[in-house]
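Got the viewer open? Here is a short walk through the model, one selection at a time.

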Amino acid sequence: MMNPIYIDQKEVLKRYKQPDPHTHKGIQGHAIIIGGSYGKMGAVCLSSKACLKTGCGLVTVFIPKCGYDILQIAIPEVMVVTDKDEKFISNITFDIKPQAIGIGPGLGLEIETQQAVYKLLKTNKIPLVIDADALNILSKNKEWFPLVQPKTILTPHPKELERLIGKWTSEEEKLEKTVAFSKQYHLIIVMKGAPTRIIDGDTIYENTTGNAALATAGTGDVLTGMITSLLTQSYEPINAAILGVYLHGLTADIALPETGYQSFIASDVIANIGKAFLSITA
Ligand SMILES: NC(=O)C1=CN([C@@H]2O[C@H](COP(=O)(O)OP(=O)(O)OC[C@H]3O[C@@H](n4cnc5c(N)ncnc54)[C@H](O)[C@@H]3O)[C@@H](O)[C@H]2O)[C@@H](O)CC1
Ligand SMILES: Nc1ncnc2c1ncn2[C@@H]1O[C@H](COP(=O)(O)OP(=O)(O)O)[C@@H](O)[C@H]1O
Ligand SMILES: [Mg+2]
């Protein structure tokens, strides 16, 4: 297996693009976050807020009806399109033209939701991040793997990865299986953990930021929003994944002296995205 490329400040600065002073929200890009189900609307709140706070111009969420008030009240800057169903997503339709899609946080596994994901995968040509229950839906329907567009970014935690590629007996085997999976379907795999590794075919990147404070509900949902935001801003998928993972980890390193490991929560990731951006260019 190849040695990893370490994702540090130098590696990130090679890829980071300073916003143009004359940019406007139309140029900064429009993201859509698709997810949520009854009791798991918080995942979409976290993901969509993180998406906005990572610099894209506009964010729309596509959620089941029961999340409408929750989203509008929690994040007034985010626009909302609802499914026809009350408690889960059953048919994904929108007439906006987003530059990137993030799908999965809080989505649930209802059979109707699985069919809606199938339809999206079959027709989608827009850069895509697949996370959480959208990954679990793929794992339940492995014959759909070839429908996923090349360079789509998958962000599994270890259990989601196991559901996708099967069990492993060593770290080495886990990496080998993930590289083989990435090569077979031309996908970028963000193997979340400590450390997070990003697999792009034979190339392995290893992140150098982040700490155990991130071991708390919703931090993965936040990461999905951040990477989707960068994709929306025309970063190449691999660069969006690298920059997103690095900044996400950095928020926890910045916050740790104030929060300690225990009191850090996913909203603290979001609250520190600004400082993370400032620190890479300082
Ligand atoms: N506030 C919210 O609305 C939240 C909603 N969430 C949503 O809840 C749904 C279920 O996601 P979950 O990930 O909780 O459930 P999953 O069943 O997919 O994964 C949980 C399992 O994975 C294992 N696991 C997780 N991280 C691991 C690691 N680093 N090493 C080894 N094992 C690990 C856990 O021990 C557990 O067995 C998703 O749609 C997710 O987006 C969660 O993100 C939590 C917050
Ligand atoms: N001990 C740890 N050290 C560093 N990062 C961690 C640690 N535990 C979790 N993380 C990070 O936190 C995030 C958790 O994502 P995930 O398990 O999908 O959470 P959720 O689904 O609740 O949002 C990942 O980015 C992961 O790398
Ligand atoms: Mg998750």
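Before we start, a word on labels: helices (H or I, at least four residues) and strands (E, at least two) are DSSP runs, numbered from the N terminus. Keep in mind too that this is a predicted model.

**Stop 1: K151.** Select K151, in the loop between α6 and β7 (153-154). Look at its backbone: K151 has a positive phi of about 75°, although it is not a glycine. Most residues other than glycine have a negative phi. Is K151 buried or exposed? Neither quite fits: its relative accessibility is 42%, so K151 counts as partly exposed.

**Stop 2: helix α5.** Now select residues 111-123, which make up α5. This helix has 13 residues, and from first C-alpha to last it reaches 19 Å, close to the 18 Å expected at 1.5 Å a residue. Color T113, Q114, A116, V117, L120 and L121, the buried residues of α5. Then look down the helix axis: these buried residues fall within an arc of 160°, so they line one face of the helix. Turn to the other side of α5 and you'll find I111, K122 and T123 exposed. What covers the buried residues? Show β2 (30-34), β5 (100-103), β6 (128-130) and α6 (132-140), which are among the elements that do.

**Stop 3: L161.** Jump to helix α7 (residues 158-165) and pick out L161. With a relative accessible area of 2%, L161 is buried; the cut-off for that is under 20%. Leaving aside residues up to four places away in sequence, L161 touches P156, G166, W168, K174, T178, I189 and M191. If you'd like to try the distance tool, pick the C-alpha atoms of L161 and L52: they are separated by 27 Å, and the two residues are 109 apart along the chain.

**Stop 4: the largest pocket.** Rolling a probe the size of a water molecule over the atoms shows where empty space is left. In the largest pocket there is about 640 Å³ of it. Select H157, K192, L214, T219 and G220, the closest to its centre of the 32 residues that line this pocket. Three elements, α6, α9 (219-232) and α10 (237-263), each give two or more residues to the lining. Which of them gives the most? That is α9, with four residues. Color the lining by class and you get eleven nonpolar, 15 polar and six charged residues.

**Stop 5: helix α9 and S234.** Stay with α9 for a moment. Its 14 residues should span 20 Å at 1.5 Å a residue, and the end C-alpha atoms are 20 Å apart, which agrees. The helix is mostly covered, with 14 of its 14 residues buried. Step just past α9 to S234, in the loop between α9 and α10. S234 is not a glycine, yet it has a positive phi of about 70°. At 56% relative accessibility, S234 counts as exposed.

**Stop 6: the second largest pocket.** S234 also helps line the second largest pocket, so to see the rest, add K17, Q18, P19, D20, T23, I27, Q28, Q233 and Y235. About 190 Å³ of space lies here. The lining has three nonpolar, five polar and two charged residues.

**Last stop: P195.** Finish in the loop between β8 (188-191) and β9 (197-200), where P195 is found. Most peptide bonds are trans. The bond joining A194 and P195 is cis, with omega about 5°.

Technical notes: Residues numbered from 1 in each chain as written. Chains lettered and ligands numbered in written order. Predicted model: local features only at pLDDT ≥ 70, side-chain atom pairs only at ≥ 80, totals over all residues. Heavy atoms only, no water. Expected span 1.5 Å × (residues − 1). Buried < 20%, exposed > 50% of the residue type's maximum accessible area, 1.4 Å probe, protein only. Arc of directions from axis to C-beta. Contact = heavy atoms within 4.5 Å. 1 Å grid on protein atoms, 1.4 Å probe; cavity = no way out; pocket = protein on both sides within 12 Å on 5 of 7 lines; lining within 4 Å. Points joined across faces, edges and corners; volume = space filled by probe spheres on them. Nonpolar A, V, L, I, M, F, W, Y, C, P; charged D, E, K, R; others polar.
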